[in-house]
Amino acid sequence: MSLATTLNKVQQFWDLANRRQWPEFAELLHPELVYLVPQTRERVEGREGFVNFFSTWPGDWNAKVDIQIADAARAVTTIDFVDETGTVTGISFFEFNDGLISKIVDYWPDSYEPPARVSPFVQRY
């Protein structure tokens with residue numbers, strides 16, 4: 001995959017998430033995607049689980065990309081995640097396999113307990 005393709009796919013990821021276009025969002029994801037949040041010990045496996053996790057995040061929110069860095073197989077973004085409680089910084093590391101996002105690791109510099117979730121796909125580790 002080229003650098004331009006990697007950058008484009010990560011931009012699409014955030015754009016489609018912000019617009020809540022979940023079917024198109026899912027097309028960017030590898031079927032065996034792994035999502036990790038080390039800080040809260042959350043883990044989600046698979047495309048279906050990750051789309052469910054994102055689409056059921058409580059409340060109204062928006063992610064504004066501040067920084068995006070990539071090579072042909074990986075990318076990192078920093079975002080301003082804005083919801084009704086305020087703005088926090090998120091740092092997301094993306095890995096690709098077969099041209100699709102196959103792994104995402106999210107770091108949130110501010111400590112927090114994750115909100116109660118309705119998603120059956122979230123595991124705590």
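Start by selecting D71 and R74: their side chains meet in a salt bridge, with N to O at 2.4 Å. A salt bridge here is a side-chain nitrogen of Lys or Arg within 4 Å of a carboxyl oxygen of Asp or Glu. D71 counts as partly exposed, because its relative accessibility is 29%; the classes are buried for under 20% relative accessible area, exposed for over 50%, and partly exposed in between, with a 1.4 Å probe and protein chains only.

Before moving on, some ground rules. You're looking at a predicted model, where local features need pLDDT of at least 70, side-chain atom pairs count only at pLDDT 80 or more, and totals for chains, interfaces and linings use all residues. Residues are numbered from 1 along each chain as its sequence is written, and side-chain values use heavy atoms, leaving out hydrogens and water.

**Stop 1: T6**

Keep D71 and R74 on screen and add T6, which sits in helix α1. Helices (H or I, at least four residues) and strands (E, at least two) are DSSP runs, numbered from the N terminus. T6 counts as buried because its relative accessibility is 0%. What does the side chain of T6 reach at 3.0 Å? The backbone oxygen of A72. That is a polar contact: a pair of N or O atoms within 3.5 Å, where within protein one must be able to donate a hydrogen and the other to accept it, and residues adjacent in sequence count only if both atoms are side-chain atoms. Setting aside neighbours within four places in sequence, T6 is in contact with M1, A70, D71, A72, A73, R74, A75 and F96. Contact means heavy atoms within 4.5 Å.

**Stop 2: the rest of α1**

Now select residues 3-18, the whole of helix α1. Its 16 residues should span 22 Å at 1.5 Å a residue, and the end C-alpha atoms are 23 Å apart, which agrees. The expected span is 1.5 Å times one less than the number of residues. Colour T6, K9, V10, F13, W14, L16 and A17 to see the buried residues of α1.

Just past the helix comes R20, in the loop between α1 and α2. R20 has a positive phi of about 60 degrees although it is not a glycine. Most residues other than glycine have a negative phi. With 28% relative accessibility, R20 counts as partly exposed. For another case, jump to R41 in the loop between β1 and β2: not a glycine, yet its phi is positive, at about 60 degrees. R41 is partly exposed, at 39% relative accessibility.

**Stop 3: the sheet**

Show the strands as cartoon. In what order do the seven strands run? The open sheet goes β3-β4-β5-β6-β1-β2-β7, with mixed pairing. β3 (61-70) and β7 stand at the edges with a single partner strand each, so one side of each has no neighbour in the sheet. Two strands count as paired if DSSP finds at least two bridges between them.

Zoom in on β3 and β4 (residues 74-83), which pair in the antiparallel sense over nine bridges. Pick A63 and you'll find F81 of β4 opposite.

Next, bring α1 back: it lies across β1 (29-37), β3, β4, β5 (86-97) and β6, and runs at about 170 degrees to β3. Axes are lines fitted to C-alpha atoms, for helices over the stretch in contact, and angles run from 0 to 180 degrees between N-to-C directions.

**Stop 4: α3**

Select residues 47-55 for helix α3, which lies across β1, β2 (42-45), β3 and β6 at about 55 degrees to β1. Its buried residues are G49, F50, V51, F53 and F54, and these pack against α1, α2 (22-26), β1, β2, β3 and β6.

From G49, look across to P120: the two C-alpha atoms are 8.1 Å apart, with these positions 71 residues apart along the chain. P120 is in the loop between β6 (100-107) and β7 (123-124). Is P120 buried or exposed? Exposed, at 67% relative accessibility.

**Stop 5: more salt bridges**

How many salt bridges are there? The count is five. One of them joins K64 and D66, whose closest N and O atoms are 3.0 Å apart. K64 is partly exposed at 47% relative accessibility, and D66 is partly exposed at 40%. Another links R43 to E45, with the closest N and O atoms 2.8 Å apart. R43 is partly exposed at 26%, and E45 is partly exposed at 42%.
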